[in-house]
Amino acid sequence: MAGAAAEERRLATVVESWLGRPVLVIGDAMLDEWRFAESDRLCREAPAPVLSLRRRLSAAGGAANTAVNVAALGGRAVLVAPVGADAAGDELHDCLDRAGVWDRTVNQPGRPTPVKRRMLAGNQILLREDSGDPDDALEQDGVVRLLTALECATEELRAAAGGEVPTLVVCDYGLGSLPAPVRAWLVAARDRYATVALDAHDLADWRGLAPTVVTPSFAEATRLLARAAARSDSHLHLDHPGSDPADGPSELSVGSAPGRPGSAGNPADSGSGGPTEASRVPLGRPTGPTGEPTPGEDRVAMTGDGLSVTGTGVTVNAGAGDGVDRAVLAESRLAELRAHTGADVVAVTLDTEGAVVGGADGAPRRSHSTPVPASYAVGAGDAYLAAMTLALAADAPLPTAAQLAQLAATSTVSDTGTCVCRREDLLDALGVPAGAPGHPVLVAPDELADIVAAHRDAGRSVVFTNGCFDVLHPGHVRYLEQARALGDLLLVAVNSDGSVRRLKGPDRPVNPVEDRVTLLAALSCVDHVVVFEEDSPAGLIETVRPDVYVKGGDYPPEMVPEAPLVRRLGGQVRTLGYVPDRSTSAIIERIRAQATDAPGTGHRSDGPGHTLTGRPA
């Protein structure tokens, strides 16, 4: 048990280390629309259900959902993508705003925003309607504006991150958002990004990018290998571990499916030493389609005499054997996939069967997921991609990155809708509360030195503030959000009950310290809360040595009593104005005034907050 807890804390440390990591996402953004209906009869015109619409949801999809997942996991996400000047585009902008994604999309009048509309009854998807044609190419002006947005977003992100080199995520789903000039720009600008992740239906379009990681589905990986073999006019070899023939075939022959260009008949026989004439295709341009898969292309069927990727004109003969499965095949081809993509890491996703991941050491890593209904898993791959990218960008070891990516994908598939994994979800799945690595949000004063040291070792800046926070109100929340924006970590010191009484009088605090710290710890902008007994936080300031010390008020920083100490320790002092008409004292006075004026109380007000006896109400 102790070992498991230590492992969870180690993984949580990685999750915390990617907080604020700058990530630029570019690619095919779309809108996911979910229409939930009820049906209790068939229509008279046809054997089709009559649907009554009950609820409608909209969510970011494709590259937009990857950006949403990056932001939800704690990264600083910027999205660059063409979006239509239409109602769907407006909804997509709203989704990005709500998720905290920096929306740097480019409006493309006359080119509709891609939409995937799903109609469900009883959580069963009955149909999906797609709009947005990959043949709707970007106009030349649109390409120029997209490149300008890409250039500006890269520099903006770097500046906001204090000069840190940003991470790049490319999401190419064949919808036309990444034409050749954009691909060429990204390849030429590869050195401007520290980590590059690529998720593409057609990986062959991205030769020269040299990505850090690619995340093809099994069908996409198979299609890449098949087309590579067709171009080189060679067959592919499959080396299986172990000597048991039941483990699978010893060779894969790749060729054109019957009736396709370059084919004279059936695919090569699985027992042949090499491809037959029927399996040979002309050198040069692949005969199969590129970009968005044709209908059925994503389906991979394991048969007795072959592994077929339908719709591509390619059949990969697996030679039959019940022991053959997709994970075994993927593991055997990781080195070739790395060679063909130029990627340091290849993660072949197997939907409900998890993923197979390989790096430069040649050792495959297998992860597993829990099978769920298809309607629960929409967008889980985006969560996987976001977590894998953030972990690698944070220099996590590959096994750790693979584990966190699978956990992020798995923890999102609990309900129908487009999957988004939040940082809190991931930490909850690890059994560690959101906050410092291995530490709860509420900490003791003697823990502060170690906690702050761990954050500083990870390169994070510390913001410190203190106060009574007796009755938490919108002014407090806004103040703390502004304070958190000044650094990477917000530590809030709260006066104990005795300290509040000495500062505010015998009728304060209204709420005991246990309630006050619970509410503060629940705010997403607060990383740690500590209680202090003294009247001044000077002792904690000396321990923390904050990079930024924040106080509320409209006076200049020079009037803050703690300012000389903070500056002597190398920090800066900032004062933030309170939200007008929002203060603890004003709220308490309103409550007391209402209580003393209420009918039937037996009291008559003798001034704000007091009864005729002169005692506090």
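**Architecture, salt bridges and a pocket of the predicted chain**

The chain contains 18 helices and 25 strands, where helices (H or I, at least four residues) and strands (E, at least two) are DSSP runs numbered from the N terminus. The model is predicted, so local features need pLDDT of at least 70 and side-chain atom pairs count only at pLDDT 80 or more, while totals for chains, interfaces and linings use all residues. Residues are numbered from 1 along each chain as its sequence is written, and side-chain values use heavy atoms, with hydrogens and water left out.

Of the 617 residues of the chain, 50% count as buried; buried means under 20% relative accessible area, exposed over 50%, and partly exposed in between (1.4 Å probe, protein chains only). The chain exposes about 26900 Å², of which carbon and sulfur atoms supply 52%. Accessible areas come from the Shrake-Rupley method with a 1.4 Å probe, and for residues only the protein chains shown count as cover. Among contacts with a separation of 6 or more, 67% are between residues 24 or more positions apart, a contact being heavy atoms within 4.5 Å.

The number of salt bridges comes to 26, each defined as a side-chain nitrogen of Lys or Arg within 4 Å of a carboxyl oxygen of Asp or Glu. One of them joins the side chains of Arg21 and Glu164, with an N to O distance of 3.0 Å. This pair links distant parts of the chain, 143 residues apart: Arg21 belongs to the loop between helix H1 (2-17) and strand E1 (22-27), and Glu164 to the loop between helix H4 (140-160) and strand E10 (167-172). Arg21 counts as buried at 18% relative accessibility, whereas Glu164 counts as partly exposed at 29%.

Helix H4 also takes part in a salt bridge through Glu151. The partner of Glu151 is Arg192, and the closest N and O atoms of the two are 2.9 Å apart. Arg192 lies in the loop between helix H5 (180-188) and strand E11 (196-200), 41 residues away from Glu151 in sequence. Arg192 is partly exposed, with a relative accessibility of 23%, and Glu151 is likewise partly exposed, at 30%.

A further salt bridge connects Arg227 with Asp202, the closest N and O atoms being 3.4 Å apart. Here Arg227 is part of helix H6 (residues 218-232), while Asp202 is in the loop between E11 and strand E12 (213-214), and 25 residues separate the two. Arg227 is buried, at 5% relative accessible area, and Asp202 is buried as well, at 6%. In addition, Glu33, Arg35, Arg56, Glu91 and Arg117 are linked in a network of salt bridges.

Several residues were examined for their backbone or their placement. Pro181 is situated in helix H5 and is partly exposed, with a relative accessible area of 41%. With residues up to four places away in sequence not counted, Pro181 touches Val143 and Leu147. The C-alpha atoms of Pro181 and Gln140 are 9.9 Å apart, for a sequence separation of 41 residues. Another proline, Pro509, follows a cis peptide bond from Arg508, with omega near 5°; Pro509 is located in the loop between helix H14 (497-504) and helix H15 (513-521).

Positive phi values occur at Ala210 and Arg545. Ala210, a residue other than glycine, has phi near 55° and sits in the loop between E11 and E12, where Ala210 is partly exposed at 38% relative accessible area. Arg545, also not a glycine, has a phi of about 50°. The loop between helix H16 (538-544) and strand E24 (548-552) holds Arg545, which counts as partly exposed at 43% relative accessibility.

The second largest pocket holds about 780 Å³ of space. Of its 21 lining residues, Leu19, Ala71, Gly74, Gly75 and Arg484 are the closest to the centre. Helix H2 (63-72), strand E4 (76-80), helix H11 (423-429) and helix H13 (474-484) each give two or more residues to the lining. By residue class, the lining divides into 8 nonpolar, 6 polar and 7 charged residues; Ala, Val, Leu, Ile, Met, Phe, Trp, Tyr, Cys and Pro count as nonpolar, Asp, Glu, Lys and Arg as charged, and the others, Gly among them, as polar. On a 1 Å grid over the protein atoms alone, a pocket is an open set of points with protein on both sides within 12 Å along at least five of seven lines, and lining residues have an atom within 4 Å of a point. Grid points are joined across faces, edges and corners, and a volume is the space filled by probe spheres set on the points.

Notes: On a 1 Å grid over the protein atoms alone, a cavity is a set of points where a 1.4 Å probe fits but cannot get out, and a pocket is an open set with protein on both sides within 12 Å along at least five of seven lines; lining residues have an atom within 4 Å of a point.
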